Amino acid sequence: MDVNTQELISRLKFDKDGLIPAVVQHAATRRVLMVAYMNREAVELSLHHGETHFWSRSCQTLWHKGESSGNRQKIVRVELDCDSDTLLMFVNPMGPACHTGAPSCFFTELVSGRDAPSVVQEDTPDKPSHFSTLERLVEVIKSRKAEMPEGSYTSYLFSKGIDKILKKIGEESAETIIAAKNHSRAELTLESADLLYHLLVLFVNEGLEIEEVFKELEKRALQRGGP
């Protein structure tokens, strides 16, 4: 364990049960994904391996987020609150954070302004956010690359290699341009979806995580004067 880890742990104020709450937030979108608890060992493991580990209060055991599901969380940055009794962990998630399949454990809206008493469900597996749709599509593409099932167009692209994937991106780019020139909203929607899909195939083929692209976009958005 390095000096920075030792220094951080020495500053933490664990509760009477030896636990500290950890708020997990998406590093790119800044969305809160989940809240869990860590003991000293979970903090050490998280910082050492660069992936979130927690303490289960119900099972009284350590657990590595995504160990069985594959939905791991790569730690980007860790912050400590002013009272040193809560951790804020910025992560790049490798899949949904919630056991329901939702990208975040927080998808039940209780109040939206003063005049909204009803409970509204948002971002559930049946009604996903646009970002979670992209995440799920990437996971499907990754599974096609790993399993290469027969009859799959995605598997076909991977079998043909980078030149075929790039050729399709070129074709879809041209078709998107034509759709825009034709001022056809429906055509532009379809061609843009095709282009985005083939870009995601390229990302997976080259080992580029979509979170890296979103992080770059966020950096540009935060630049002075905007992108």
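Asn 92 sits in strand β6, residues 87-93. In this predicted model, Asn 92 touches Ala 27, Arg 72, Gln 73, Lys 74, Val 76 and Glu 211, leaving aside neighbours within four places in sequence. Is Asn 92 buried or exposed? Its relative accessibility is 17%, so Asn 92 counts as buried. The cut-off for buried is under 20%.

One partner of Asn 92 leads onward: Gln 73. Gln 73 belongs to strand β5, which covers residues 73-80. Its relative accessible area is 1%, so Gln 73 is buried. What does the side chain of Gln 73 pair with? It makes a polar contact of 2.8 Å with the side chain of Thr 52.

The other contacts of Gln 73 can be followed along the sequence. Neighbours within four places are again left aside. Val 24, Leu 33 and Met 34 are among the residues that Gln 73 contacts. The list also includes Gly 50, Glu 51, Thr 52 and Phe 54. Lys 65 is another of the partners of Gln 73. Val 91, Asn 92, Pro 93 and Ala 97 belong to the list too. Thr 52 thus appears both as a contact of Gln 73 and as its polar partner.

Now step back to the whole chain. The protein has seven helices and eight strands. Of its 227 residues, 36% count as buried. Take the contacts between residues at least 6 apart in sequence: 48% of them join residues at least 24 apart.

Next come the helices. Helix α5 spans residues 162-181, and its axis lies 9 Å from that of α6. The two pack at an angle of about 160°. Angles over 145 degrees count as roughly antiparallel, so α5 is roughly antiparallel to α6. The crossing of α5 and α6 is left-handed.

Which residues make this contact? From α5 come Ile 162, Ile 165, Leu 166, Lys 168, Ile 169, Glu 172, Ser 173, Glu 175, Thr 176, Ile 178, Ala 179 and Ala 180. From α6 come Glu 187, Leu 188, Glu 191, Ser 192, Asp 194, Leu 195, His 198, Leu 199, Val 201, Leu 202, Asn 205 and Glu 206. By type, the contact of α5 with α6 holds 12 nonpolar, five polar and seven charged residues.

Helix α6, residues 185-206, also meets helix α4, residues 153-160. Their axes come within 11 Å and cross at roughly 50°. That angle makes α4 oblique to α6. The crossing of α4 and α6 is right-handed. On the α4 side, Tyr 153, Thr 154, Leu 157 and Phe 158 make the contact. On the α6 side, the residues are Tyr 197, His 198, Val 201, Val 204 and Asn 205. The contact of α4 with α6 divides into six nonpolar, three polar and no charged residues.

One residue of α5 ties these helices into a single picture: Lys 168. What does Lys 168 touch? Not counting residues up to four places away, Lys 168 touches Tyr 153, Leu 157 and His 198. Tyr 153 and Leu 157 are part of the α4 contact with α6, and His 198 takes part from the α6 side. Lys 168 and His 198 lie 30 residues apart along the chain, yet their C-alpha atoms are separated by 7.0 Å. Lys 168 has a relative accessible area of 15%, so this lysine is buried.

Methods:
Residues are numbered from 1 along each chain as its sequence is written. This is a predicted model: local features need pLDDT of at least 70, side-chain atom pairs count only at pLDDT 80 or more; totals for chains, interfaces and linings use all residues. Side-chain values use heavy atoms; hydrogens and water are left out. Axes are lines fitted to C-alpha atoms, for helices over the stretch in contact, and angles run from 0 to 180 degrees between N-to-C directions. Helices (H or I, at least four residues) and strands (E, at least two) are DSSP runs, numbered from the N terminus. Angles under 35 degrees count as roughly parallel, over 145 as roughly antiparallel, 65 to 115 as roughly perpendicular and the rest as oblique. A crossing is left-handed if the near helix is turned anticlockwise from the far one by less than a right angle, and right-handed if clockwise. Contact means heavy atoms within 4.5 Å. Ala, Val, Leu, Ile, Met, Phe, Trp, Tyr, Cys and Pro count as nonpolar, Asp, Glu, Lys and Arg as charged, and the others, Gly among them, as polar. Buried means under 20% relative accessible area, exposed over 50%, partly exposed in between (1.4 Å probe, protein chains only). A polar contact is a pair of N or O atoms within 3.5 Å; within protein, one must be able to donate a hydrogen and the other to accept it, and residues adjacent in sequence count only if both atoms are side-chain atoms.
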